[in-house]
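Colleague: I'm new to this one. Could you walk me through it, one question at a time?

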Amino acid sequence: MEELKNWKKHMAYFFGGQAVSILGSSLVSFAIIFYITNTTKSGTMMSIASMASFMPRFLISFISGVWADRYDRKKLIAFSDIFTALATLTVAICFACGYQEIWVILVCMVCRSIGSGIQGPCVGAVIPDIVPTEQLVRANSMYSTVASVIQIISPLFGAMLVKMIPIEYIFGIDVFTAIIGVGLLILIPITKHQVKESDDNTHTNNRIIQELKDGLVYIKQEKYIFTMIMFNVGLNFFFTPINMLSSLHVTLNYGEDAMYLSAVNMAIGIGMVVGGIYLSIKGDFKDKTKAISLFCLILGLCQFWMGFAPAFIIYLLLYFTIGITVPGFNAPISAMIQEKTPSQILGRVLGMLEVLSSIATPIAMVLFGPLADIIGVGTVIAIGGIANASFCIFIAKNKNLKISSVKEFAEVL
């Protein structure tokens, strides 16, 4: 394709725009969590907020993958950015007018989650359209590193901003970053993927269901991916207490200052950057099963000790170590899927992967929030750590993962 001749420039535009957009979203997310945590100090309310942030994205992912295959991906990304920014702007206006109810924040979180759910499969499907196949691993690693760097700096900026300016001004930042992100996206020429004319004329509910089934069939017949999805379901379920309750855990045990929450988010972000750099130097593993099993064991043990960390510095070191393990699961699998999946169904596959990998999270949110109010946040986090550490046995013993190199995808369509 003609646009691949300038792939480095186009990748810089795309990743630059995404970086600015993600930064704005991260600042708003930090402000929202800080506001809810310090206003309610309730595990149940944090659970409700997490559901508002997760469930819409989870549900819309069932069809957003189909949209990514059927419509212009660039327009979908732009639409989701604008939709999210308008929702945040509405809340900023409400707060500026003195109406600062929690339900307004929750509605905003729902809208932002919908926008994120639409954008997710589109971003993953666009990368192969602007990057040569042989550069996909590098591109995915770079995108992951950009996101990790933003995760490091956004809590620091967020903590500074919540002390310096009213929260409604922080919400307004998301509008400006969205404009910049969409502006850079417009500069990138992306070839529109081919859709059969007959499909366009029969875009009915039955057709959407059939297209979803196609994605499921593609995943089901590749046993390596299917097994990894089952592993991710369990891992996500028992890792949810950290994602959902870490801010409350820190507030209750170490202090209410925004810098504590900032330091926690920076710790895992720095760990992810370190892990990404290590993997870029290390390259592929001779035995992926042992590597994944080791990452899982380290993650679980760190999560367990986080539940009982006697000092905040130890808590940060454990979270930093967890961050190092995260890249071990992501970039190679993403590149493999992008490389072996036809562009016409890539959005569906990525959408269904996101749905199936995170399907346990809403159940965990409903369970662990109220449970934390009963037995304590630290105990819930530790229980999750024990479970995640035990998954290393599942990985090590599973026959579908007894491979030393990436399996070729079966021809199933």
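Modeller: Sure, just keep in mind that this is a predicted model. Let's begin with a residue in the loop between α9 and α10, Y254.

Colleague: Okay, is Y254 buried or exposed?

Modeller: The cut-off for buried is under 20% relative accessible area. Y254 has a relative accessible area of 16%, so Y254 counts as buried.

Colleague: Which residue does Y254 form a tilted aromatic pair with?

Modeller: A search of the whole structure turns up 16 aromatic pairs. In one of them, the ring of Y254 sits 5.3 Å centre to centre from its partner, with 55° between the planes. An angle of 55° is neither under 30 degrees nor over 60, so the pair is called tilted. The partner is F312.

Colleague: How many residues apart in sequence are the parts that this pair ties together?

Modeller: Y254 belongs to the loop between α9 (223-253) and α10 (258-282), while F312 belongs to helix α12. F312 is buried too, with a relative accessible area of 16%. Because the two rings come from that loop and that helix, the pair ties together parts whose separation in sequence is 58 residues.

Colleague: What kind of aromatic pair do F304 and F308 form?

Modeller: These two are partly exposed, F304 with a relative accessible area of 23% and F308 with 45%. Their rings are 5.6 Å apart centre to centre, with 65° between the planes. Since 65° is over 60, the pair is edge-to-face.

Colleague: Back to helix α12: how far apart are its end C-alpha atoms?

Modeller: Helix α12 covers residues 312-325, which makes 14 residues. At 1.5 Å a residue, the helix should span 20 Å. The model agrees with that, because the end C-alpha atoms are apart by 21 Å.

Colleague: Which buried residues of α12 are also in the aromatic cluster with Y254 and Y260?

Modeller: The buried residues of α12 are F312, Y315, L316, L318, Y319, I322, G323 and T325. One aromatic cluster is made up of Y254, Y260, F312, Y315 and Y319. Both lists hold F312, Y315 and Y319.

Colleague: Which elements give two or more residues to the lining of the second largest cavity?

Modeller: The search finds 5 cavities of 30 Å³ or more, and the second largest holds about 60 Å³ of space. Its lining includes F34, T37, V250, T251, Y260 and L261. By class, that lining has 4 nonpolar, 5 polar and 2 charged residues. The elements you asked for are α1 (7-40), α9 and α10.

Colleague: Which residue forms a salt bridge with R112?

Modeller: The structure holds 1 salt bridge. R112 is in helix α4 (residues 102-130) and its partner is in helix α6 (residues 167-186), so the pair ties together parts that are 62 residues apart in sequence. R112 counts as buried at 10% relative accessibility, and the partner is buried at 3%. With the closest N and O atoms 2.9 Å apart, that partner is D174.

Colleague: Last one: what separates the C-alpha atoms of V233 and I359?

Modeller: V233 is in helix α9, and at 17% relative accessibility V233 counts as buried. Along the chain, V233 and I359 are 126 residues apart. Their C-alpha atoms are separated by 6.4 Å.

Notes: Residues numbered from 1 in each chain as written. Predicted model: local features only at pLDDT ≥ 70, side-chain atom pairs only at ≥ 80, totals over all residues. Heavy atoms only, no water. Helix = DSSP H or I, 4+ residues; strand = E, 2+ residues; numbered from the N terminus. Expected span 1.5 Å × (residues − 1). Buried < 20%, exposed > 50% of the residue type's maximum accessible area, 1.4 Å probe, protein only. Phe/Tyr/Trp six-rings, centres within 6.5 Å; stacked < 30°, edge-to-face > 60°. 1 Å grid on protein atoms, 1.4 Å probe; cavity = no way out; pocket = protein on both sides within 12 Å on 5 of 7 lines; lining within 4 Å. Points joined across faces, edges and corners; volume = space filled by probe spheres on them. Nonpolar A, V, L, I, M, F, W, Y, C, P; charged D, E, K, R; others polar. Salt bridge = Lys/Arg side-chain N within 4 Å of Asp/Glu carboxyl O.
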